[in-house]
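These are my notebook entries from a session spent looking up local features and strand pairing. I record each item as I checked it.

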Amino acid sequence: MSYPIRPISEDEWSSFSGVLAEGFNWTPHPSQSERWKANTEFDRTLAALDGDVIAGVTGIHSFTMTVPGGQLPVAGVTAVSVLPSHRRRGILSQLMRRQLADVRERGEAVAALYASEAVIYGRYGYGRASDELSLRIPKHGSAFVAGAPSDPALRITVAKPAEVRSTLESVYESILAERPGQYRRNEHLWTGVLADEEFDQGGAGALRCVLAEDSDRVRGYALFRVKSLWGDNGQPDGELLLRELYATDPAAHALLWQSVLNRDLVSRVKANRPVDDPITQWLADVRYLNASWGDELWVRLVSVDAALSSRAYSAPVDVVLEVADDVCPWNAGRWRLTADTASASCKPTDEAPDVSLPVAALGGAYLGGGSLDAQHAAGLLTEHSAGAVRALATALSWSPAPWAGLVF
């Protein structure tokens, strides 16, 4: 069946959010719903209609996101859901295809999302572009290696998050361009980050903040909650839930980690961090990271030529790519990617391919953290010219590893 699809108006917000509440089995607090509404770009929403019923929805945040070597406008896909009563009718496919066509029409070459279920979005050409580590570090295993960076000019200051909002925004803005996947936050996103009503706390206490600063400026911050817990015999067994930690330099970064790891009445720190967070190098016994791995951001190249021409490369490369893309047919075909560390171009060609691959593989590698070599070894892409996959993977690689750090 085909369902009419259109953006919603503000007075349809209740029905739109109701689809998400059903799809995600979620009952938002009215204040959460209002925050969410305030951050909604209504002209970038889509609703699939079954008569007068909104049966499926999606939306987009218009982001400026860091990519290797610069920043690009990126469509941040969000709020994707279909009513349980309307599953298996092709509604999601219709919404995703329409959305990608709209993104292309707006001139955005890249779309990105967080996947509630990782199995879904590969069908629409999204590739796993960044990973993260879930850490559970016990205080008794928090010793640092000798030689970890330090600066005697630095000190830790306790602050109320809402009172230092402008400082936090300034620190974040100063590091935004360093890591692919980071994106500029508007005022509504910052309001959500710092929200601290009882329903935001989830039983984990008030949002807390420490700053790393010297006599001239703040060089980093950490936001966290502490779940107060006690053992059977009255021993403190608190759990610190690290929400954000950003710093402008290694010494400030290390001091902030030490501050949260050594907090009184806390037995362990839980955090989701990029795979190359320096804590993986600073901890004297890496086994105490108790790290588990998971996917984070997923990326889709909406316009292959524009996307590949708009990022930097770590090494020269000259390859012909045969791209398979049955969702965005304008991408399907052969493209010659020619790049060095200063410039890049991607143009259609009739030349024989060096590599054949699905568009999702390029999306997964786009931010610099992909696994093209592993996919080749697994038989998921085809190399026609010896060494072409390795050359492409090397050119696309980037440091630091990509990580967005805030679900949208």
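**Entry 1. The loop between α3 and β5**

I began with Gly107, which lies in the loop between α3 and β5. I note that the model is a predicted one. I asked whether Gly107 is buried or exposed. Its relative accessibility is 58%, so Gly107 counts as exposed, the threshold being over 50%. I then computed a C-alpha to C-alpha separation for Gly107 and Pro73: 8.8 Å in space, against 34 residues in sequence.

I turned next to Glu108, which is located in the loop running from α3 (91-105) to β5 (110-114). Glu108 has a relative accessible area of 9% and is therefore buried, since the limit is under 20%. I looked for a polar partner and found that the side chains of Glu108 and Arg44 are joined by a polar contact of 2.7 Å. Setting aside neighbours within four places in sequence, I listed the contacts of Glu108; among them are Arg44, Ser62, Pro73, Val103 and Val302. Val74 and Ala75 also belong to that list.

**Entry 2. Strands β2, β3 and β4**

I followed β3 (residues 53-67) and asked how many of its 15 residues are buried. The count is twelve, so β3 is largely enclosed by the rest of the structure.

I then examined the pairing of β3. Strand β2 (residues 46-50) runs antiparallel to β3, and five bridges join them. I recorded Leu49 with its bridge partner Ile54 in β3. The two strands form a hairpin with two residues between them, and Gly51 in the turn has a positive phi of about 65 degrees.

With strand β4 (residues 70-82), β3 pairs over eleven bridges, also in the antiparallel sense. Here I recorded Gly59, whose bridge partner in β4 is Thr78. β3 and β4 likewise form a hairpin with two residues between them, and Gly69 in that turn has a positive phi of about 90 degrees.

**Entry 3. The sheet of five strands**

I looked up the strand order of an open sheet of five strands and obtained β17-β16-β15-β18-β19, with mixed pairing. Its edge strands are β17 (344-348) and β19 (382-383), each of which pairs on one side only.

I checked two of the pairings. β15 (residues 317-324) and β18 (residues 355-358) run parallel and are joined by four bridges; Leu321 has Val355 of β18 as its bridge partner. β16 and β17 run antiparallel, with five bridges between them, and Trp335 has Pro348 of β17 as its bridge partner. I also noted that β16 and β17 form a hairpin with four residues between them.

I then looked for a helix packed on these strands. Helix α12 (residues 388-396) lies across β15, β16 (333-339), β18 and β19, and runs at about 100 degrees to β15.

**Entry 4. Helices α1 and α2**

Finally, I asked at what angle the axes of α1 and α2 cross. The axes of α1 (residues 13-23) and α2 (residues 30-38) cross at roughly 110 degrees and come within 12 Å. Because 65 to 115 degrees counts as roughly perpendicular, I entered α1 and α2 as roughly perpendicular to each other. I listed the residues making the contact: Trp13, Ser17 and Leu20 of α1, and Ser33, Trp36 and Lys37 of α2. By class, I recorded three nonpolar, two polar and one charged residues in this contact.

Key:
Residues numbered from 1 in each chain as written. Predicted model: local features only at pLDDT ≥ 70, side-chain atom pairs only at ≥ 80, totals over all residues. Heavy atoms only, no water. Buried < 20%, exposed > 50% of the residue type's maximum accessible area, 1.4 Å probe, protein only. Polar contact = N/O pair within 3.5 Å; in protein donor to acceptor, adjacent residues only side chain to side chain. Contact = heavy atoms within 4.5 Å. Pairing = 2+ DSSP bridges. Axes fitted to C-alpha atoms, helices over the stretch in contact; angles between N-to-C directions. Parallel < 35°, antiparallel > 145°, perpendicular 65-115°, else oblique. Nonpolar A, V, L, I, M, F, W, Y, C, P; charged D, E, K, R; others polar.
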